[in-house]
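Please look over the sequence and the model below before reading on. The paragraphs that follow go from the overall fold to single residues and then to the ligand.

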Amino acid sequence: MRFLLILSLIITQSCTGQNLNNSSFTPGDIWKDADGNHINAHGGGFYYEDGTYFWYGEHKNQNSLAQVGVRVYSSDDLYNWKNEGVALSVSTDPNSEITTGSVIERPKVIYNKKTDKYVMWFHLELKGQGYAAARTGVAISDNPLGPFKYIKSFRPNTKIWPKNIDDSEKVYNEEDEKLEWWTPEWKESLIDGLYVRRDFEEGQMSRDMTVYVDDDGKAYHVHSSEENQTLHISLLTDDYLDFTDTYVRVQEGGQNEAPAVFKSGNTYYMITSGLTGWDPNPARSFKSKSMLGPWEKLGNPAVGEEAELTFRSQSTFVLPVAGKKDAYIYMGDRWNPKNHRDGRYIWLPISITNGKPEFKWHDEWDLSFFDTLAP
Ligand code: DGJ
């Protein structure tokens, strides 16, 4: 009897394509949504509301250019995900900044209590310009599932100096332009603000990014700037739709991308990667008592075999698990540049050991992992 029941379950599942029986994470495997298709939401961002998690990510085809837009999935247990369609569509208008063939990466959605709107920020590169535009884009919706309406994209912090740059560095220096990349003089000048000065009039570069909403409702945009050499953290306006004039440089010359921020107790943590394109490299981690720094370096949070490649992944988000204390999931992409839609998701449980975030490889794990963590 039991055998017949199991058989009929298997048959029903394969006929309807329904796949809602996951009860664990198997990092790096094909991860099927409820329709039986590998989840297509790369460079993901997560938002939780009233028992539902929303997963926003880049819909990828074989190459990395945006052909569809930002896809959204929903789940009530983090293991099983339903494809909810396209939250932000590319535009068929060739003159649109988000036209088909542009680059739309690392979408992150936050909710604004004051305006009752959902705000999506993402990294945007204009069609046909490779990664030269280095802009951030913003879209808005009344519903977490979208549709999100594109508002604008721009290079942030035009004609504004970071809060933590010396007055002596706020002067255009024509010697800057003569510096050859990777020389000690270039590095020194870079750390002093070479590219902040260069981009002062046109706005600062903004590539890999995340957004983080603090307990007090203030939201921050964190991005790789200055030719990916230095991170910038900027305070957003109260409606989350724009930048204020407050921003800081973080890890000057540190070459960080793929930032993911979370808070445990009164400490902010950030996980990033180095710069090797789609190839994995050792992750980094930092901590701070304030989002605006100073951020202290903590080293590679990945521990064990293949930690030097972050288990062949690159960070995209750290998700606090709802209803569990000190339960955070490292979420990374295992990119496949030969066939981007086949990119895999590496989710691993974080533990904070001696004030440092750490994650180890697990072939399979589930949320009960967090119940075993020492208080
Ligand atoms: C690394 C970034 O982290 C990705 O989001 C993407 O921009 C690739 N570089 C492009 O090479």
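The words helix and strand are used here for DSSP runs, of at least four residues for a helix and at least two for a strand, and these elements are numbered from the N terminus. With that in mind, one can place Asp326 in the loop between strand E18, residues 314-320, and strand E19, residues 328-334. Please keep in mind throughout that this is a predicted model.

In the whole protein there are three helices and 21 strands. The C-alpha atoms fill a box of roughly 80 × 50 × 45 Å along the principal axes. A compact globule with 375 residues would have a radius of gyration near 21 Å, and because the protein has 21 Å, its value agrees with that expectation. Of the 375 residues, 54% count as buried, while the protein exposes about 16,900 Å², of which carbon and sulfur atoms supply 50%. If one takes the contacts between residues at least 6 apart in sequence, 51% of them join residues at least 24 apart.

Some of the loops hold backbone features that deserve a careful look. Asp326, whose loop was described above, has a positive phi of about 50° although it is not a glycine, and with 36% relative accessibility this residue counts as partly exposed, because the partly exposed class lies between 20% and 50%. Asn228 also has a positive phi without being a glycine, with a value near 65°, and its place is in the loop between strand E10 (219-225) and strand E11 (230-236). Is Asn228 buried or exposed? Its relative accessible area is 13%, and since buried means under 20%, Asn228 is buried.

Two cis peptide bonds can be found in loops as well. One runs from Gly146 to Pro147, with omega near 5°, and Pro147 is found between strand E7 (135-141) and strand E8 (149-154). Another joins Gly293 and Pro294, where omega is about 0°, and Pro294 is in the loop between strand E15 (284-288) and strand E16 (296-297).

A lysine inside a strand gives the next stop. Lys108 is found in strand E5, which covers residues 103-112, and it is buried, because its relative accessible area is 1% and the limit for buried is under 20%. What does the side chain of Lys108 reach at 3.0 Å? It reaches the backbone oxygen of Gly44, and a polar atom of the same side chain lies 3.3 Å from the backbone oxygen of Arg106. Leaving aside neighbours within four places in sequence, Lys108 is in contact with a number of residues, among them Gly43, Gly45, Trp121, Met209, Thr316 and Phe317. Met120, which is also in contact with Lys108, is 12 residues from it in sequence and 5.5 Å from it in space, C-alpha to C-alpha.

The last stop is the ligand, which has around it the residues Glu105, Arg106, Tyr131, Asp208, Glu257, Gly277, Trp278 and Gln314. This shell divides into two nonpolar, two polar and four charged residues. An oxygen atom of the ligand is 2.6 Å from an N or O atom in the side chain of Glu105, and for the side chain of Arg106 the distance from a ligand oxygen to such an atom is 2.9 Å. For the side chain of Gln314, the distance from an oxygen atom of the ligand to an N or O atom is 2.9 Å. On its own the ligand has 290 Å² of accessible area, and the protein covers 89% of it.

Definitions and conventions
Residues are numbered from 1 along each chain as its sequence is written. This is a predicted model: local features need pLDDT of at least 70, side-chain atom pairs count only at pLDDT 80 or more; totals for chains, interfaces and linings use all residues. Side-chain values use heavy atoms; hydrogens and water are left out. A residue is near a molecule or strand if one of its heavy atoms lies within 4 Å of it. A polar contact is a pair of N or O atoms within 3.5 Å; within protein, one must be able to donate a hydrogen and the other to accept it, and residues adjacent in sequence count only if both atoms are side-chain atoms. Accessible areas come from the Shrake-Rupley method with a 1.4 Å probe; for residues, only the protein chains shown count as cover. Ala, Val, Leu, Ile, Met, Phe, Trp, Tyr, Cys and Pro count as nonpolar, Asp, Glu, Lys and Arg as charged, and the others, Gly among them, as polar. The radius of gyration is taken over C-alpha atoms; the globule rule is 2.2 Å times the number of residues to the power 0.38. Buried means under 20% relative accessible area, exposed over 50%, partly exposed in between (1.4 Å probe, protein chains only). Contact means heavy atoms within 4.5 Å.
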